[in-house]
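Please look through the sequence and the structure shown below. A report on selected parts of the structure follows.

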There are 2 protein chains.
Amino acid sequence: MKLVIVGGVAGGASAAARARRLDEQAEIIVLERGQYVSFANCGLPYHISGVIDKRDSLLISTPENFQENFNIEVRTGHEAVQIDRKQKTLRVQDLSSGRQYNEAYDKLILSQGASPARLDVPGADHPRIFFLRNLPDMDQIIQTIDGGVRSAAVIGAGYIGMEAAEALRLRGLEVTVIEIQEQVLPLFDREMVNDVHLHLAEKGVRVLLGTSVSEFCDADGGMQLRLNGGESLTADLCVLSIGVTPEVAMARSAGLSIGASNGITVDQHQCTSDPDIYAVGDMVEVTDTITSAAVSVPLAGPANRQGRIAADHICGRESAYTTTQGTAIVKVFEMTAATTGASEKVLRRTGIPFEKMHLWHFGHASYYPGTAGMHIKAMMDPSTGRILGAQIVGRDGVDKRIDVLALAVRLGLTAYDLEHLELAYAPPYGSAKDPVNMVGFVGANILRGDVRFWHAEDFPERGSTGTVLDVRTSREYSYGHIEGAVNIPINEVRPRLAELRGLPQPIFIYCLTGIRSYLVYRILIQEGFSEVFNLAGGWKTFESCHRRIEADSSASVMFTQK
Amino acid sequence: MKLVIVGGVAGGASAAARARRLDEQAEIIVLERGQYVSFANCGLPYHISGVIDKRDSLLISTPENFQENFNIEVRTGHEAVQIDRKQKTLRVQDLSSGRQYNEAYDKLILSQGASPARLDVPGADHPRIFFLRNLPDMDQIIQTIDGGVRSAAVIGAGYIGMEAAEALRLRGLEVTVIEIQEQVLPLFDREMVNDVHLHLAEKGVRVLLGTSVSEFCDADGGMQLRLNGGESLTADLCVLSIGVTPEVAMARSAGLSIGASNGITVDQHQCTSDPDIYAVGDMVEVTDTITSAAVSVPLAGPANRQGRIAADHICGRESAYTTTQGTAIVKVFEMTAATTGASEKVLRRTGIPFEKMHLWHFGHASYYPGTAGMHIKAMMDPSTGRILGAQIVGRDGVDKRIDVLALAVRLGLTAYDLEHLELAYAPPYGSAKDPVNMVGFVGANILRGDVRFWHAEDFPERGSTGTVLDVRTSREYSYGHIEGAVNIPINEVRPRLAELRGLPQPIFIYCLTGIRSYLVYRILIQEGFSEVFNLAGGWKTFESCHRRIEADSSASVMFTQK
């Protein structure tokens, strides 16, 4: 059996190694257009910043290692240009010599990844505009920085954009992030990332939201970026990270089936419409765990597992890939943002009914040092309580809770299940009631009718009739509160029930995070108040939702939120 | 409805608060023998060490707070002494006045916890012997340290013993840990904690294993401990942490059913044999998730959830507690040890069939700084692949993986399920193939017959016939290897197959952690070798299993392993 694999990173490398373990006799050839195989593409920003000191540590494997340990031939600098499906041959170009040749295959695995999207504006070919996709991209950026530059623009505030912005800032550059949407990390719901906006500001990163670039021009060795608002910005270098497109040109011209998301269509064994051709990684279309939609999700974890599954099937195993839920995590300086399953915006767009929760919880016991509050949002099916998705933004312990919630999403667990999870607790690691248990408690309270929530974005519509009731201490109230809110601290609620009965109903209660207001909710409901609502996530989520970071021309920080 | 709760910490406090949220009209009284309610008992060691600076931060709630926010009457310094089940009254003693009185109840919740076990040897009442169970215990220990002491003995190396040893050492004391078993953390399998032994030595903590105390005598203001081996030891103070016993004296004399584990028997709603009396927390008997045995498991997480469930049921809800799996975690200086589900020793004792795996994996991408290898052991059902238990010892990321595996144990997931988990990956947090995925890959390889393991403890029996084959580099081999092993590095295996065929069979392969040896296993099996075995966890697990930390009289570190 002769297996040819196009692409030697992530999915391709995994497939090659797995195929060898299952079939010692197979002839296995990996064709890689670039000069490197199996490099740590997720580590690139961290070598720019200097956090990863040695460039060599990004080279996970080498062609020599593949040959010696796996008896796999890796040809770097060889690009597959055409598939002849009838003859089962691949047309290959040796990029160093220009020579073309045919390589026959019994089975072919495509792992070509996705190409960074480009901007279609004048000057978009400016030599100071870089992608951050592979080692040569990284080398060019580092070389440019080392050549002496002061400022950088990062266009696109997704995962790579955030990592690039952090890296460039840590190198001492003045960094401006330009994002066309009204938030960074557009896959998250907006109220979840407002604290990231603030943190970027704290770190001296300027963020221009709702902003796009209409032209790049030369300016003093660097360049000038014309923005859609008419302003302009100078930058010595620019990192473009506005998304990726599955690299399917060769597959398309070979007549392989391409899906609506522009990824290659594959079955559960990663087999394309041609039974001898498989495809894995960023170039394929997958099924979303929650929406069942066909989507393209460029993530390293699924790519690696798909590579393994393709090799399995080629070697006669029945391994199957199921769905992709989009579990992802990103470090933004000292903060961590993570997501799994469907966001609220995806659920709204696809018309899937949901209830949502907002919680604030410390990463570990609050009395043990080194922790901070994390903001958790979780969506569940309003009838079954099935967890549909979650997002967490915070500092310590975010990665742990998103992984536990990722299992909940994948396994179809309900809020009732989360109540009973027995997770590891000691003060340096968690709480006796873990944040994930708390998601279960809150969700189950909703399902059992023990609480009804109101949401920050419903203000000022909700609250325009009735009463907004702040049950924090008068001191907390004095530091900031919802406009028009009446302050009756929780410990005065029982003595002042008569007064509360006299207030316009319904009553929209809130406290700092939603705990005390829930206690008051339970008092009022049992005292016969029929229309009471508890603010999900309390004042902290309210601020995350409504706080606008104003333009401040005196600082290096400016946010335009239109 | 009048609800009386005996014990105001963890389960009792949770029950009280939950009952109030469900029943605003109930009369709720909490009787607490000590002077504090709802304090952070898990935080006590960390205030001794000074990591938690302020004593007040251990006071989570106060009687005043219970009154003001929950309308719950808390009586500290009041001890329940007798239950009259017929009259439904509780005999209570006010410890400050000595006065006794009856308190009627409609429903009673017992949350009396467990008492620290005592040593039945001469001198065991020495005033310098302390427990570490509550705030007064902690205060006494701190006062003794502040009075000027140099040395401490910690008797019993379970969770509290380890935390106490760390705390006392961080306060600058010479610390000796005395443990009757041949390992610290006796709930773990021994080979998992040998690295903890080493780490304790690095931190200057002396550990005496297989050692017990036969007598305590006065000596120079401190005391002298006579050890079972005939040696003796002086210490200025001693922390006794040899386990706990459910505090069931009052329940027993009231005729409530007590289980074989000495905990109170309760149904799924935490109801005792008396339908008006509930019990929660360390004093009750629970069902083990894996063995289905009736056991007592003193852990904060279950206690809190049981309190909630008891309150639910009293207030007419059908909430039910299922099983306890013993998920637990402990920090030992810079290391973390965590466990969930059944250990190998429990599986052996109960005769449950299992396959075991040993893996080594970094907490996050190895090229990103700040990570270390973690040692993972997982047990699964050999026919279904169901995960029965796991233990992890390492530094970063241990807590995350044990929580994910805790879900696997609770939900009955198999190794096949773990292969497909989609966990959050970015270099600072994990790997594209997460350690938990790797447990799945290895387990599935066993189930599918793709690998057969041999285990470190099988040496020297295994290897006495056949060949032990070290496939690491000659340099690695030269630093240390299994006695009698032949060294053929992986990259020379294919060219030297003829030589390998000439070696005595079976072949017991190993490398550093089990990855390269698995590749060689696959080569040999497919080349027709019929008897080949891969060493689970490789040289690192072999060392964890066989390395004996020798007595060294010149250092402050001495281990006696008999």
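Over which residues of chain A does pLDDT stay under 50? The stretch is residues 551–562 of chain A, and the model has 27 contacts beyond four places in sequence for it. Where pLDDT is low, the predicted coordinates should not be read in detail. The model is a predicted one. Chain A has an average pLDDT of 95, and 98% of the residues score at least 70. The scores of the model are ipTM 0.96 and pTM 0.96.

**The two chains**

In this model, 61 residues of chain A are in contact with 61 residues of chain B. On the side of chain A that touches chain B, the elements giving two or more residues are helix H3 (63–70), helix H8 (300–314), strand S21 (328–332), helix H10 (398–411), helix H14 (490–493) and helix H16 (515–526) of chain A. H10(A) gives the largest share of this side, nine residues. By class, the residues on this side of chain A are 34 nonpolar, 13 polar and 14 charged.

**Helix packing**

Two packed helices are described by the angle between their axes and the distance between the axes. For H10(A) and helix H10 (residues 398–411) of chain B, the angle is about 25° and the axes are 8 Å apart. Angles under 35 degrees count as roughly parallel, so H10(A) is roughly parallel to H10(B). H10(A) and H10(B) cross in a right-handed way. From H10(A), the residues that make the contact are Asp399(A), Lys400(A), Asp403(A), Val404(A), Leu407(A) and Leu411(A). From H10(B), they are Asp399(B), Lys400(B), Asp403(B), Val404(B), Leu407(B) and Leu411(B). This contact of H10(A) with H10(B) has six nonpolar, no polar and six charged residues.

Within chain B, helix H1 (residues 11–22) packs with helix H8 (residues 300–314) at an angle of about 35°, and their axes are 7 Å apart. The crossing of H1(B) and H8(B) is right-handed. Residues in the contact include Gly11(B), Ala15(B) and Leu22(B) of H1(B), and Ala303(B), Gly307(B) and Ile314(B) of H8(B). The contact of H1(B) with H8(B) has seven nonpolar, six polar and three charged residues.

**Backbone angles in chain A**

Most residues other than glycine have a negative phi, and most peptide bonds are trans. The table gives some exceptions.

| Place | Feature | Angle |
|---|---|---|
| Phe459(A) to Pro460(A) | cis peptide bond | omega near 10° |
| Gln505(A) to Pro506(A) | cis peptide bond | omega near 0° |
| Ser38(A) | positive phi | phi near 45° |
| Phe333(A) | positive phi | phi about 55° |

Pro460(A) is in the loop between strand S26 (453–454) and strand S27 (467–470) of chain A. Pro506(A) is in the loop between helix H15 (497–502) and strand S29 (507–510) of chain A.

Ser38(A) belongs to the loop between strand S2 (27–32) and helix H2 (44–49) of chain A. Ser38(A) counts as buried because 23 other C-beta atoms lie within 10 Å. Phe333(A) belongs to the loop between S21 and strand S22 (335–341) of chain A. Phe333(A) has 17 C-beta neighbours inside 10 Å and therefore counts as partly exposed.

**A loop residue in chain B**

Thr513(B) is in the loop between strand S29 (507–510) and helix H16 (515–526) of chain B. Thr513(B) counts as buried because of its 21 C-beta neighbours inside 10 Å. Leaving out residues up to four places away in sequence, Thr513(B) touches Trp360(B), Gly537(B), Gly538(B) and Lys540(B). Thr513(B) and Lys540(B) are 27 residues apart along the chain, and their C-alpha atoms are separated by 6.0 Å.

Technical notes: Residues are numbered from 1 along each chain as its sequence is written. Chains are lettered from A and ligands numbered from 1 in the order in which they are written. This is a predicted model: local features need pLDDT of at least 70, side-chain atom pairs count only at pLDDT 80 or more; totals for chains, interfaces and linings use all residues. Two residues are in contact if their C-beta atoms, placed from the backbone, lie within 7 Å. Helices (H or I, at least four residues) and strands (E, at least two) are DSSP runs, numbered from the N terminus. Ala, Val, Leu, Ile, Met, Phe, Trp, Tyr, Cys and Pro count as nonpolar, Asp, Glu, Lys and Arg as charged, and the others, Gly among them, as polar. Axes are lines fitted to C-alpha atoms, for helices over the stretch in contact, and angles run from 0 to 180 degrees between N-to-C directions. Angles under 35 degrees count as roughly parallel, over 145 as roughly antiparallel, 65 to 115 as roughly perpendicular and the rest as oblique. A crossing is left-handed if the near helix is turned anticlockwise from the far one by less than a right angle, and right-handed if clockwise. pLDDT is the predictor's confidence in each residue, from 0 to 100. A residue is buried if 20 or more other C-beta atoms lie within 10 Å of its own, exposed if 12 or fewer, and partly exposed in between; C-beta atoms are placed from the backbone.
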